[in-house]
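Visitor: I would like a close look at a single part of this model: how its strands pair. Take me through it step by step, and then show me what lies around it.

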Amino acid sequence: MDSRNPFSWNFYAASGDVLVGDVWLCSGQSNMMLPVEKAKDFAREQTAANWPALRAFHSQWIICSPETVGGFSATAYFFGREIHQRTGQPVGLINRSAGGTAIELWTSRSAQQAVPELKPILEKQ
């Protein structure tokens with residue numbers, strides 16, 4: 001099977017335009033939430049966003065196109081596009097970001113302890 005081309009797959013219901021490739025969970029704080037439409041050079045990015053094998057999940061899989069790219073997470077989009085360009089494989093992006101959350105929720109305790117500047121803060125906890 002050539003994973004770069006869509007195929008139909010029957011399981012519970014027939015579904016067309018199915019790709020097999022990499023799926024990345026993209027998570028983080030508000031910087032991960034920033035959409036492509038708010039990123040630098042959006043007009044240029046929008047014009048070039050013809051990437052049918054790059055998709056984002058928003059209640060359903062959205063194919064990357066000039067019409068849809070504005071709603072993609074900018075960080076996830078640029079990451080996914082780079083992965084797709086390097087590998088030629090389809091890339092799916094699932095963005096589960098939460099703006100305004102504390103960094104401690106996203107970083108392990110051991111990683112925080114490895115940063116000397118965080119020592120005073122961690123000692124208070």
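Guide: Start with the term. Two strands count as paired if DSSP finds at least two bridges between them. Strands of a sheet pair through backbone hydrogen bonds, and the sense can be parallel or antiparallel. Keep in mind that this is a predicted model.

Now the setting. The chain holds 5 helices and 6 strands. Along the sequence they come in the pattern β-β-β-α-α-β-β-α-β-α-α. Of the 125 residues, 29% are buried. Take the contacts between residues at least 6 apart in sequence: 60% of them join residues at least 24 apart. The chain exposes about 8,400 Å², and carbon and sulfur atoms supply 56% of that.

Here is the sheet. It is open and has 4 strands, in the order β3-β6-β4-β5. The pairing is mixed. The edges are β3 (22-26) and β5, each of which pairs on one side only. Ignoring direction, neighbouring strands in this sheet are turned by 25° against each other on average.

Walk across the sheet from β3. β3 pairs with β6 (residues 91-95). That pairing is parallel and runs over 5 bridges. Within it, C26 stands opposite N95 of β6.

Next comes β6 with β4. These two are parallel as well, with 4 bridges between them. R55 has G92 in β6 as its bridge partner. β4 itself is mostly covered: 5 of its 7 residues are buried.

The last step is β4 to β5. Here the strands run antiparallel, joined by 4 bridges. W51 stands opposite C64 of β5. So where does the mix come from? The β3 and β6 pair is parallel, the β4 and β6 pair is parallel, and the β4 and β5 pair is antiparallel.

Look at the turn that links this last pair. β4 and β5 form a hairpin, with 3 residues between the two strands. S59 sits in the loop between β4 (51-57) and β5 (61-64). Its phi is positive, near 70°, and S59 is not a glycine. Most residues other than glycine have a negative phi. S59 is also exposed, because its relative accessible area of 74% is over the 50% cut-off.

Now what lies against the sheet. Helix α3 (residues 74-87) lies across β3, β4, β5 and β6. Relative to β4, helix α3 runs at about 140°. Follow R81 in this helix. R81 forms a salt bridge with E45, and the closest N and O atoms are 2.7 Å apart. This pair links distant parts of the chain: E45 is in helix α2, R81 is in helix α3, and they are 36 residues apart.

Stay with E45. Side chains of opposite charge can pair when their charged atoms come close. E45 has a second partner, R44, at 3.8 Å from N to O. That contact counts because the limit for a salt bridge is 4 Å. E45 is buried, since its relative accessibility of 9% is under 20%. R44, in contrast, is exposed, with a relative accessible area of 54%.

R44 reaches another acid too. The side chains of D41 and R44 meet in a salt bridge of 3.3 Å, N to O. Put together, D41, R44, E45 and R81 are linked in a network of salt bridges. A search of the whole structure finds 5 salt bridges.

Finish with D41, at one end of that story. D41 lies in the loop between α1 (30-33) and α2 (42-48). Its phi is near 60°, a positive value in a residue that is not glycine. D41 counts as partly exposed, because 39% relative accessibility falls between the cut-offs of 20% and 50%.

To retrace the path: the sheet runs β3-β6-β4-β5, and helix α3 lies across these strands. From helix α3, R81 is tied by a salt bridge to E45 and so belongs to the network that includes R44 and D41.

Terms used: Residues are numbered from 1 along each chain as its sequence is written. This is a predicted model: local features need pLDDT of at least 70, side-chain atom pairs count only at pLDDT 80 or more; totals for chains, interfaces and linings use all residues. Side-chain values use heavy atoms; hydrogens and water are left out. Buried means under 20% relative accessible area, exposed over 50%, partly exposed in between (1.4 Å probe, protein chains only). Contact means heavy atoms within 4.5 Å. Accessible areas come from the Shrake-Rupley method with a 1.4 Å probe; for residues, only the protein chains shown count as cover. Axes are lines fitted to C-alpha atoms, for helices over the stretch in contact, and angles run from 0 to 180 degrees between N-to-C directions.
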